Each structure stands twice: as structure tokens, then as C-alpha cells.
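Biologist: Please take a close look at the pocket in this model. I should like a connected account of what lines it and of the helices around it.

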Amino acid sequence: MQHRLERLSALTGVLAVVLWVLGLVVTNSFSDKIPHNPTDAQLLTWIKGNTNSILLGGWFFALGCVSFVWFAAILRARLAAAEGGQATFANLAFGGALVAAAFGILTMAGDIGGAINKDDISAATAGTLHSSGDMFFVAAELSAILFFLGAAIVSLRTGVLPKWWAWFAVLIAIVLVIGPIGWAALIFGLPIWTLGTTWLLVRPQREQAPLAAVPA
């Protein structure tokens, strides 16, 4: 029963991606379009006119980040069982996921805070809160490097996840390091790898790569 619960819990990876997409759709598609290079006054007007969509979309996105942490905990257990010992790299992967999820929540927190206090903040404050999302996005991007590299190292050493999938994680980590294009790895690479890893975790055990560590 515990094994079945863990396999079902791995589906939180799918839930995370669904909530991320839903949050972005609600925030961006069900609200007025933000002007290109908006002024602080325009941002405050946008917040006041789209409070509900900002709050609901931000809440969905934050719940997606929470679901991702749950998924990362299930993945960590699988990685740690394969790695053995102190599970250094499994812990590294989980730590990276935890920090990235926290910064992910903060990317939406500025607009959420502005929407909650829309009648009590100045235009300058609204602009600052909105722009803070860029800062936290970069922090999430860098933190995710640890998640991908930790999972990749364990998988390459033990075969707990297919090696080709581990090399894909390494590729995503490399792109994350490259500032001008790192955003693409976070926006597209993280959801794709999460969905693929979820399938690898929940598929029947007899089809899965062996968990035992292979000799060096």
C-alpha cells in the first residue's frame, strides 16, 4: 500500500505542470493585456482592473510550486534508495527543487500582494512589486540547476532513471547556466522533464530500470 501511495504521489508532477499552465492562462488570458514597457501608473491600473484574475492565477501557480515540491520528495526517495550512503546528490536535487519552488512562488507574489493592497499602494510600489518577479525568476532559474544535476548524477551512476533521460537533464542544466537563454530551460525544460520523470516513476516496476547501483 505504501508503494502504491508513493507511485500515486508521483502524479503530483503532472498536477504541478497543470497548475502552472492554468495559473499563467488565468493571469494573462483572463485579464487585460499589459502594455509594452508599462509605466508604474499603467501597472497599478492593470492591477486594479484585474484583481480577481491576478489573485486566482497567482494562487494556481503557487499551488503548482507546492505540488512540485511533493513530486521532488518522491523523486528524492527513489534517487536516495539507488544512491545509498548519505544520498548526497539525491539531497542536492531535492534542495534545488525546494529552493526553485520557493522562488517560483515569489515570482507571482509581487502581483498578488499588489492586488490584495490595490487601494493602499502607490503606482511606484505597484511597479516595484511587479518587477520583482523578474528577480525571483532568475533565482528560480539558477536554483533549478542543482535539481537537474543532482538527479542526473544519481541516474548516470545507478540507472535509476534512463541514462538518456539523465543526459537530457544535464542539457537543461547547461542551458539554465546560459543567462540569455536560461529562461527557456525553466519555462519549457522543467515542465517537460517533470512530466517525463513522472511517467518513469509511475510505470510498472518490471519495466523500470534497475535501482541497484552498478559497479563503477
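Modeller: By class, the lining of the largest pocket comprises 18 nonpolar, seven polar and four charged residues. The model is a predicted one, and the volume of this pocket comes to about 770 Å³. Its lining is made up of 29 residues, of which Leu24, Phe61, Thr107, Met108 and Phe137 are the closest to the centre. Five elements each give two or more residues to that lining: α2 (12–29), α4 (51–83), α5 (88–116), α6 (123–158) and α8.

Of these elements, α8 may be considered in its own right. Helix α8 covers residues 179–202, and its 24 residues should span 34 Å at 1.5 Å a residue; the C-alpha atoms at its ends are 34 Å apart, which agrees with that expectation. The helix nevertheless contains a kink of about 35°, and this kink is centred on Ala185.

Helix α5, which also contributes to the lining, contains Ala93. This residue has a relative accessible area of 2%, and it therefore counts as buried, the cut-off being under 20%. Apart from neighbours within four places in sequence, the contacts of Ala93 are Leu79, Leu146, Phe147, Gly150 and Ala151. Arg7 gives a further point of reference for Ala93: the two residues are 86 residues apart in sequence, and their C-alpha atoms are 19 Å apart in space.

Technical notes:
Residues numbered from 1 in each chain as written. Predicted model: local features only at pLDDT ≥ 70, side-chain atom pairs only at ≥ 80, totals over all residues. Heavy atoms only, no water. Helix = DSSP H or I, 4+ residues; strand = E, 2+ residues; numbered from the N terminus. Expected span 1.5 Å × (residues − 1). Bend = angle between axes of the 7 residues up to and from the residue. 1 Å grid on protein atoms, 1.4 Å probe; cavity = no way out; pocket = protein on both sides within 12 Å on 5 of 7 lines; lining within 4 Å. Points joined across faces, edges and corners; volume = space filled by probe spheres on them. Nonpolar A, V, L, I, M, F, W, Y, C, P; charged D, E, K, R; others polar. Buried < 20%, exposed > 50% of the residue type's maximum accessible area, 1.4 Å probe, protein only. Contact = heavy atoms within 4.5 Å.
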